[in-house]
Each structure stands twice: as structure tokens, then as C-alpha cells.
Amino acid sequence: MRVGILANILGNMHALNSVMQSIKDDSVEEYIILGNSIGYGPHDNQVLKLINKLNVRYHLKGLQESALFSNEDLNKLNIHLSSTIVKARESLDPEQLNFLE
């Protein structure tokens, strides 16, 4: 069985689509997500919706995901990233927030 490992997507749907396109013929059956799926990029909801469609064996929470729910973790981020996480708190669909929690 082939397992795909995805990490540090950072809300970048264009990059995620590119990776998914490049592995489409590799017969990947399951995925492991190593966290930081959201962040700098503008496509947090779209990235999480695509991840929800995959057969994910493990989805580890990265610091960005933890910062959605913890001000202590939010304060560990640089000012630019922390501002994007605050925006994500307001803009993520409830379904996506539940998925990450």
C-alpha cells in the first residue's frame, strides 16, 4: 500500500493541487498529514475541504492548528502568522474548525 505524506501546506491550495496532480498516478491509498495545513496562504477552507476528501490515516495538529484554539500557542507565532490565524478563527467554516479540534 502506498501512503502519501503531506506537511506544511500552510493554506496554499495552488501548491496542494500541484502536489496532488504530481502523485495522481502513484496509486496512493492513504495519507498522513503532518500538520500546519493552514497558515500563510489564503485558502485555508479549500485546503481543509480537500484534505477531508482524502483517505487520511493520521492528521497531526501543527502549531498553526493549535493556535486556532489556544492564545498561548498563538503567542508563539510571529506577528504576520498570528494575524492570519486570527483571521482563520473568524473565517473557517464550523465544519473545518471541528475537523481541526
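Let me start with the nonpolar surface patch, which covers about 610 Å² and is made by Met1, Val3, Ile5, Leu34, Tyr58 and Leu60. A patch here takes residues with over 30% relative accessible area and no salt bridge, nonpolar side chains being joined within 5 Å and like charges within 9 Å; a salt bridge would be a Lys or Arg side-chain nitrogen within 4 Å of a carboxyl oxygen of Asp or Glu, and areas come from the Shrake-Rupley method with a 1.4 Å probe. Please keep in mind that this is a predicted model, in which local features need pLDDT of at least 70, side-chain atom pairs count only at pLDDT 80 or more, and totals for chains, interfaces and linings use all residues. Residues are numbered from 1 along each chain, and side-chain values use heavy atoms, without hydrogens and water.

Within the patch, Ile5 lies in strand β1, residues 2–6, and counts as exposed because its relative accessibility is 57%, where exposed means over 50%, buried under 20%, and partly exposed in between.

Turning to the sheet, three strands form an open arrangement in the order β1-β2-β3, with parallel pairing, where pairing needs at least two DSSP bridges and strands are DSSP E runs of at least two residues, helices H or I runs of at least four. Strands β1 and β3 stand at the edges with a single partner strand each, so one side of each has no neighbour in the sheet.

Strands β2 (residues 28–33) and β3 (residues 56–59) pair over three bridges, and Tyr31 stands opposite Val56 in β3.

Methods. Buried means under 20% relative accessible area, exposed over 50%, partly exposed in between (1.4 Å probe, protein chains only).
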